[in-house]
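User: Please take a close look at the charged side chains of this model and at how they are linked. Then set that part in the context of the rest of the chain.

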Amino acid sequence: MLGEKHSLLNEFPEFNELIHNLAKNDAHFKKTMQRYDEMDKEIRELELQNSPIEDADMHEKKHQRAALKDELYDFLKANT
């Protein structure tokens, strides 16, 4: 859905407390989460502007966001 938020807290509510703890205490997790959030915000803004970029570029941005999400999910699972 266009403009939908994909923040980690929305995507993984079961890890809410762990996300907050890791964001405070793990620099790598925090940096990766910030990159993910920035990419999600950029994609959402582009979608709300009717994607004023090429489809291939939008697809690549979404692919990069998915890769970051996978990395973060793996990190969350490893720290449960």
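Analyst: D40, R44 and R65 are linked in a network of salt bridges, a salt bridge being a side-chain nitrogen of Lys or Arg within 4 Å of a carboxyl oxygen of Asp or Glu. The model is predicted, so local features are given where pLDDT is at least 70 and side-chain atom pairs only at pLDDT 80 or more, while totals for chains, interfaces and linings use all residues. Residues are numbered from 1 along each chain as its sequence is written, and side-chain values use heavy atoms, with hydrogens and water left out.

Within the network, the side chains of D40 and R44 meet at 2.8 Å, N to O. Both residues belong to helix α3, which covers residues 27–48; helices (H or I, at least four residues) and strands (E, at least two) are DSSP runs, numbered from the N terminus. D40 and R44 are four residues apart, about one turn of the helix. D40 is buried because its relative accessible area is 3%, where buried means under 20%, exposed over 50% and partly exposed in between (1.4 Å probe, protein chains only). R44 has 18% relative accessibility and therefore also counts as buried.

Helix α3 also holds E45 and K41, again four residues apart, about one turn of the helix. Their side chains meet in a salt bridge with an N to O distance of 4.0 Å. E45 counts as partly exposed because its relative accessibility is 39%, and K41, with a relative accessible area of 45%, is partly exposed as well.

A further salt bridge joins the side chains of E42 and K61, at 2.8 Å from N to O. This pair links distant parts of the chain: E42 is in helix α3 and K61 in helix α4, 19 residues apart. E42 is partly exposed, since its relative accessibility is 31%. A search of the whole structure finds six salt bridges, among them the three pairs described here. In general terms, side chains of opposite charge can pair when their charged atoms come close.

Other charged residues form a patch instead. E54, D55, D57 and E60 gather in a patch of negative charge on the surface. Patches are made of residues with over 30% relative accessible area and no salt bridge, with like charges joined within 9 Å and nonpolar side chains (Val, Leu, Ile, Met, Phe, Trp, Tyr) within 5 Å. Lys and Arg count as positive and Asp and Glu as negative, while His and the chain ends are not counted. The place of a charge is taken as NZ of Lys, CZ of Arg, CG of Asp or CD of Glu. Accessible areas come from the Shrake-Rupley method with a 1.4 Å probe, and for residues only the protein chains shown count as cover. Of the patch members, D57 lies in helix α4, residues 55–78, and counts as partly exposed because its relative accessibility is 42%.

Helix α4 also takes part in an aromatic cluster, formed by F12, F15 and Y73. The structure holds four aromatic pairs. The rings of F12 and F15 have centres 6.3 Å apart and planes at 70°, so this pair is edge-to-face; rings of Phe, Tyr and Trp (its six-membered ring) pair if their centres lie within 6.5 Å, and planes under 30 degrees apart count as stacked, over 60 as edge-to-face and the rest as tilted. F12 counts as buried because its relative accessibility is 9%, and F15, at 10%, counts as buried too. F15 and Y73 form another edge-to-face pair, 6.2 Å centre to centre with 70° between the planes. The latter pair links distant parts of the chain, with F15 in the loop between α1 (8–11) and α2 (16–25) and Y73 in helix α4, 58 residues apart. Y73 is partly exposed, since its relative accessibility is 31%.

As for the whole, the protein chain has four helices and zero strands, in the order α-α-α-α along the sequence. Its C-alpha trace spans about 40 × 20 × 15 Å along the principal axes. Buried residues make up 29% of the 80 residues. N79, in the segment after α4, is partly exposed because its relative accessibility is 37%. The C-alpha atoms of N79 and P52 are separated by 39 Å, with their positions 27 residues apart along the chain.
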